[in-house]
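The following exercises concern nonpolar packing and charge pairing. Each task is followed by a solution in steps.

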Amino acid sequence: MRLRTTTVAACAALLAVTALAGCNRGSDDKAGGSGKVGIDLPRSDSDFWNSYQNYIEQGVKSGVVSALPRSNSQNDIGKLVANVQTFVDQGAKAIVMAPQDTGAIASTLQTLAGKHIPVISVDTRPDKGQVYMVVRADNRAYGTKACDYLGQQLEGKGKVVEFEGALDSINGRDRSEAFASCMKSKYPAIKVIALATDWKGDVASAKLQTTLASDPDINGIYMQAGGVFLQPTLALLQQKHLLKPPGTPGHITIISNDGIPEEFKAIKAGQIDATISQPADLYAKYALYYAKEALAGKTFQPGPTDHDSTIIKIPNGLEDQLPAPLVTKDNVDDPKLWANQLGKS
């Protein structure tokens, strides 16, 4: 069933101000609310999150919301809690965050709910605590797509290294669980060597080096976050003369997650085979969109949206699951992919 739409006039007016395409699902037709929005950026050591920040800044500059000075919690839950308190002290009426530890943020979310401050959580789904909307792609689909790609490319046999994201993050758990389940059920002849990384590139590289010493016949790698894993992985493989083009003997098939420009360059250069494009542009766009709608007092219902996504009900709110396409050499130049749009507007 299609979600309710706002009036054509209201949608046109909102689009003129925000350049957003998704204004057709609000349950009432009020104009956007007013109030400052606090936006915490989760980290600055990842090309993906740096791109997300750039899109956030573009949206704020264009007037989508009136935002307080951005904070960066640097992958530290303590800093995130402190930053949120600062936003509250500064009068924030809505907050956008991307908690990397999805369990430890619960008490902060409870506090914000008690103050009637809506929260938009980007990329991660908090385990507990009320949220207005989670803006996220289907991370279980990431793990399944990566599994199927490697399974097909390796013809169902071989050894695959998996760089697991932090398992205290819903994203790390979803990708890891889906990848493991898919491999076990569909490609049982492929041995998966799962390496815990806590989303740290240096940890992944060090563990990969150790694994290559014990298992030199590795023929596949799944990187759950290209933004942190890509460069250290390529550097190590090049150092060991294991970075061989697709179709040549000894090639290690590599699939990543993120869809950053550096991954696209690596695909074109034959250094990796594929990535799943996590929509940094849409994360920022709809984070600001839902912050604006929250201030306006609008509500949403589960169902398909007008921007090729689906809103689902979660125990502590709603989640808009945005599309995340597989990118290979066949579609790496697609102009619709956000990494190919950078610097063009």
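Buried means a relative accessible area under 20%, exposed means over 50%, and partly exposed lies in between (1.4 Å probe, protein chains only). The model is predicted: local features need pLDDT of at least 70, side-chain atom pairs count only at pLDDT 80 or more, and totals for chains, interfaces and linings use all residues. Residues are numbered from 1 along each chain as its sequence is written, and side-chain values use heavy atoms, with hydrogens and water left out.

**Exercise 1.** Determine which residues touch the most other members of the largest nonpolar core, and which helix gives the most to this core.

*Solution.* Step 1: apply the definition, by which a nonpolar core is a set of buried Ala, Val, Leu, Ile, Met, Phe, Trp, Tyr and Cys residues joined through side-chain atoms within 4.5 Å. Step 2: the largest such core holds 85 residues, and Y52, I221 and Y290 touch the most other members. Step 3: helix 10 (residues 280-295) gives the most, with 12 residues; helices (H or I, at least four residues) and strands (E, at least two) are DSSP runs, numbered from the N terminus. Step 4: a second, separate core of 16 residues has L80, V88, L112 and I117 among its members.

**Exercise 2.** List the residues that I221 touches, leaving out those up to four places away in sequence.

*Solution.* Step 1: count as contact any heavy atoms within 4.5 Å. Step 2: the partners of I221 are then L150, V160, V161, F163, L208, T233, L237, I252, T253, I254 and I255.

**Exercise 3.** Locate the salt bridge of E57 and R70 and state the accessibility of each partner.

*Solution.* Step 1: a salt bridge requires a side-chain nitrogen of Lys or Arg within 4 Å of a carboxyl oxygen of Asp or Glu; by this rule the count comes to 14. Step 2: the side chains of E57 and R70 meet at 2.8 Å, N to O. Step 3: E57 belongs to helix 2 (residues 47-61), while R70 is in the loop between strand 2 (66-67) and strand 3 (71-72), 13 residues apart. Step 4: E57 is partly exposed at 27% relative accessibility, and R70 is partly exposed with a relative accessible area of 27%.

**Exercise 4.** Is D215, which pairs with K159, buried or exposed?

*Solution.* Step 1: the closest N and O atoms of the D215 and K159 salt bridge are 2.7 Å apart. Step 2: D215 lies in the loop between helix 7 (201-214) and strand 9 (220-223) and K159 in strand 7 (residues 158-164), so the pair ties together parts 56 residues apart in sequence. Step 3: D215 is buried, as is K159.
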